[in-house]
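User: Could you take a close look at one part of this model for me? I'd like to hear about the strands, how they pair and what packs around them.

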Amino acid sequence: MSAAALAPSAANAAPEQSSLLSAQAISLGYATSRREAATTVLTDFSLELQPGEIIALLGPSGVGKSSLLRVLAGLQAAQAGEIRIKGRPLNGPDPALGLVFQDPSLLPWLTLEENVAFGLDFRHQPKLDDATRRQRVQQAISEVGLQSARTRYPDELSGGMAQRASLARTLARAPQILLLDEPFSALDEVTRHEMQTLLLQIRSQHQAAAILVTHDIDEALLLADRILLIGSQPGRLIGRWSISQAHPRDDTSAALTELRVQILQTLRSARLPRPQ
């Protein structure tokens, strides 16, 4: 791999006009009670997501990764900053955004097929005629390889199948951007690898972009075009790396091994106590 295939990104790169999603100077905090000051979990965070790009958000627990994803999805307001989607302000849930959680959250009284169709009834989704609706649902189920399980109920599905169904529910809505909150972390190693491969296939087929929250450095190395590392003093961006190596990737390659060491060193350095 050439040196250009693995390099830190410029920390203050100018936003590109072609960005699908732009977040500028996002800050977020919570107050545990009315009498206490808000605890800051994210400070002055910015990113630019380009068409077809996968960005991985890494960092320890509690630094605001999942909260950031909810802000980017339009489900939670930031204390400061601005988010734009395709150049226009994001003021709430948007059909161009699809959020996938760690918990598949399938409705137990609906079949897999009905669960996939359920996402098309969200208030902010455009109304579809019956033929288009059926086509969207069947295509999404086919893409995740669950055609034979269409009539099963959630308690008849394995963990991997349930997560595929959750992903199909999002794909049926035809989003341009997937926001993924540790969707594979509860799966066994083999199933997790299958889901990672599926994500790359979906990116290729739909030309969709994705932001992936993960604690797994190897998962970020195998999937992402860019990796953003968030620290905890308080939550700030402490590292950026770009990877141009083609997929599928070999996580034992020298370049990815070097990057893994860089990420670990950056994370550990950021968590060391400051001198008094």
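Analyst: Let's begin with the open sheet, bearing in mind that this is a predicted model. The open sheet has 4 strands in the order 3-2-5-6, and the pairing is antiparallel. Strand 3 (39-49) and strand 6 (88-89) sit at the edges with a single partner strand each, so each has one side left without a neighbour in the sheet. Strand 3 pairs with strand 2 (residues 21-30) in the antiparallel sense, over 7 bridges. If you want a spot to zoom in on, take Ala23, whose bridge partner in strand 3 is Leu47. Helix 1 (residues 65-72) packs on this sheet and touches strand 2, strand 3 and strand 5 (80-85). The direction of helix 1 makes about 125 degrees with that of strand 2.

Now for strand 9 (residues 209-213), where the pairing is of the parallel kind on two counts. Strand 4 (residues 54-58) pairs with strand 9 in the parallel sense over 4 bridges, and there Ile54 has Ala210 as its bridge partner. Strand 8 (residues 177-181) also pairs with strand 9 in the parallel sense, over 5 bridges; in this pairing Leu179 is matched with Ile211. Strand 8 and strand 9 are also parts of a right-handed β-α-β unit, together with helix 5 (residues 189-206).

How covered is strand 9? With 5 of its 5 residues buried, strand 9 is largely enclosed by the rest of the structure. In a regular strand, side chains alternate between the two faces of the sheet. Here Ala209, Ile211 and Val213 point one way while Ala210 and Leu212 point the other way, and all are buried.

Strand 4 leads us on to strand 10 (residues 226-230), since strand 4 and strand 10 pair in the parallel sense over 4 bridges. Leu57 has Leu228 as its bridge partner in strand 10. Strand 10 also runs antiparallel to strand 11 (residues 237-243), with 5 bridges joining them, and Ile227 stands opposite Trp241 of strand 11. Strand 10 is mostly covered, with 5 of its 5 residues buried. Both of its faces are covered: Arg226, Leu228 and Ile230 on one side, Ile227 and Leu229 on the other, are all buried.

Ile227 is a handy link to the packing. The largest nonpolar core holds 47 residues, and those touching the most other members are Leu112, Val116, Leu221, Ile227 and Ile263. Helix 4 (residues 159-171) gives this core its largest share, 6 residues. Leaving aside neighbours within four places in sequence, Leu221 is in contact with Ile227, Ile243, Arg249, Leu256, Leu259, Arg260 and Ile263. Another core, of 31 residues, lies apart from the largest one, and its members include Phe45, Leu90, Leu97 and Ala209.

Stepping back to the whole chain, there are 7 helices and 11 strands. Buried residues make up 50% of its 276 residues. Among contacts between residues at least 6 apart in sequence, 71% join residues at least 24 apart. The chain exposes about 13800 Å², of which carbon and sulfur atoms supply 51%.

Notes:
Residues are numbered from 1 along each chain as its sequence is written. This is a predicted model: local features need pLDDT of at least 70, side-chain atom pairs count only at pLDDT 80 or more; totals for chains, interfaces and linings use all residues. Side-chain values use heavy atoms; hydrogens and water are left out. Buried means under 20% relative accessible area, exposed over 50%, partly exposed in between (1.4 Å probe, protein chains only). Contact means heavy atoms within 4.5 Å. Accessible areas come from the Shrake-Rupley method with a 1.4 Å probe; for residues, only the protein chains shown count as cover. Two strands pair if DSSP finds at least two bridges between them. Axes are lines fitted to C-alpha atoms, for helices over the stretch in contact, and angles run from 0 to 180 degrees between N-to-C directions. A crossover is right-handed if, with the strands pointing away from the viewer, the path from the first strand over the helix to the second runs clockwise. A nonpolar core is a set of buried Ala, Val, Leu, Ile, Met, Phe, Trp, Tyr and Cys residues joined through side-chain atoms within 4.5 Å.
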